[in-house]
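Colleague: I've got a new chain open on my screen and I'd like to learn how to read it. Can I fire some questions at you?

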Amino acid sequence: SCARMGRSAVGLAIAMGERGRMFEEAQRVSREYRTTISKSLSNLLSVPGAKVESERILLYNGEGIIDQRVLSPVASIIFSSLPKDLGKILVVTASEDDSLKVSIRVPRSLVEKGVRGSLLASNAAREAGGLGGGHDVAAGATFPSRRFHSFIEAFEKNVAEQFGRMLRGS
């Protein structure tokens with residue numbers, strides 16, 4: 001929580017055995033982190049139109065809603081609340097200056113059939129002039145905000161290709 005909140009020195013000091021004032025500061029930062037996650041999640045879920053669903057993707061557009069520092073935990077919380085048999089890829093966005101950050105979660109059932117979140121993130125991010133990668137179940141990307149539609153188009157295309165390979169393989 002210290003690193004995500006821009007206070008990595010506090011976390012490092014605690015890891016190296018500091019206590020007293022630093023420990024109190026770490027606890028304060030941890031509370032701020034949890035509050036930021038809670039507010040971002042609550043705000044995202046209450047905004048009409050933030051959730052967009054297609055055949056294979058569930059998108060939560062958190063641009064201007066989610067604090068980008070907590071994008072990944074917010075995506076993980078949403079993902080953990082979804083039905084296990086949903087069969088869709090979760091994409092959650094947050095903005096930072098002129099960049100858009102994306103956090104992607106792929107159900108394990110799809111990964112086992114060949115869907116690769118890391119490839120989806122990296123290929124679509126490249127098309128949008130950014131960078132992406134990660135793991136097969138949890139990946140992410142960053143690219144210029146103005147290229148959001150390019151990213152989504154490339155992402156949808158890559159998802160369709162991976163689902164097509166998955167279906168041909170069964």
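Colleague: Let's start small: does Ile37 count as buried or exposed?

Modeller: Keep in mind that we're looking at a predicted model. Ile37 sits in helix α2. A residue is called buried when its relative accessible area is under 20%. The relative accessibility of Ile37 is 11%, so Ile37 counts as buried.

Colleague: Okay, and which residues is Ile37 in contact with, leaving aside its neighbours within four places in sequence?

Modeller: Here's a hint from distances: Ile37 and Val70 are 33 residues apart in sequence, but their C-alpha atoms are 5.9 Å apart in space. Val70 does turn up among the contacts. The full set for Ile37, leaving aside those neighbours within four places, is Val70, Pro73, Val74 and Ile77.

Colleague: Ser40 is in α2 as well. What does Ser40 touch, not counting residues up to four places away in sequence?

Modeller: Helix α2 covers residues 21-46, and that's where Ser40 belongs. Ser40 has a relative accessible area of 4%, which means it is buried. Not counting residues up to four places away, Ser40 touches Ile65, Ile66, Asp67, Val70 and Val74.

Colleague: Let's zoom out. What pattern does the chain follow along the sequence?

Modeller: There are six helices and six strands to place. They belong to a chain of 170 residues, 42% of which count as buried. Reading along the sequence, you get α-α-β-β-α-β-β-α-α-β-β-α.

Colleague: Which strands stand at the edges of the sheet?

Modeller: The sheet is open, with six strands in the order β1-β2-β3-β4-β6-β5 and mixed pairing. An edge strand has a single partner, so one of its sides is left without a neighbour in the sheet. From one strand to the next, the twist averages 15°. The two strands at the edges are β1 (51-53) and β5 (131-134).

Colleague: Do β2 and β3 run parallel or antiparallel?

Modeller: Five bridges join strand β2 (residues 57-61) to strand β3 (residues 89-96). In one of the pairs, Tyr60 has Val92 of β3 as its bridge partner. As for direction, β2 and β3 run parallel.

Colleague: And how many bridges join β4 to β6?

Modeller: Let's walk across β4. On one side β4 is joined to β3 by seven bridges, running antiparallel, and there Glu96 stands opposite Ser99. Ser99 also stands opposite Pro144 in β6. Strands β4 and β6 run antiparallel too, and the number of bridges joining them is seven.

Colleague: Why is β4 described as largely enclosed by the rest of the structure?

Modeller: For this one we look at burial along the strand, where under 20% relative accessible area is the cut-off. Strand β4 is largely enclosed because, of its seven residues, the number buried is five.

Colleague: Which residue in the hairpin of β3 and β4 takes a positive phi?

Modeller: Most residues other than glycine have a negative phi. This hairpin has two residues between its strands. The one we're after lies in the loop between β3 and β4, and its phi is about 55° although it is not a glycine. With a relative accessible area of 76%, it is exposed, and its name is Asp97.

Colleague: Which helix packs on the sheet, touching β3, β4, β5 and β6?

Modeller: Its direction makes about 175° with that of β5. Its buried residues include Gly117, Leu120 and Ala124. Just after it, Gly129 takes a positive phi of about 80°. The helix, residues 117-127, is α5.

Colleague: Last one: how much space lies in the largest pocket?

Modeller: Its lining includes Arg4, Gln68, Lys101 and Thr142. Helix α3 (71-81) and strands β4 and β6 each supply at least two of the lining residues. By class, the lining has three nonpolar, five polar and three charged residues. The space in the largest pocket comes to about 150 Å³.

Definitions and conventions
Residues are numbered from 1 along each chain as its sequence is written. This is a predicted model: local features need pLDDT of at least 70, side-chain atom pairs count only at pLDDT 80 or more; totals for chains, interfaces and linings use all residues. Side-chain values use heavy atoms; hydrogens and water are left out. Helices (H or I, at least four residues) and strands (E, at least two) are DSSP runs, numbered from the N terminus. Buried means under 20% relative accessible area, exposed over 50%, partly exposed in between (1.4 Å probe, protein chains only). Contact means heavy atoms within 4.5 Å. Two strands pair if DSSP finds at least two bridges between them. Axes are lines fitted to C-alpha atoms, for helices over the stretch in contact, and angles run from 0 to 180 degrees between N-to-C directions. On a 1 Å grid over the protein atoms alone, a cavity is a set of points where a 1.4 Å probe fits but cannot get out, and a pocket is an open set with protein on both sides within 12 Å along at least five of seven lines; lining residues have an atom within 4 Å of a point. Grid points are joined across faces, edges and corners, and a volume is the space filled by probe spheres set on the points. Ala, Val, Leu, Ile, Met, Phe, Trp, Tyr, Cys and Pro count as nonpolar, Asp, Glu, Lys and Arg as charged, and the others, Gly among them, as polar.
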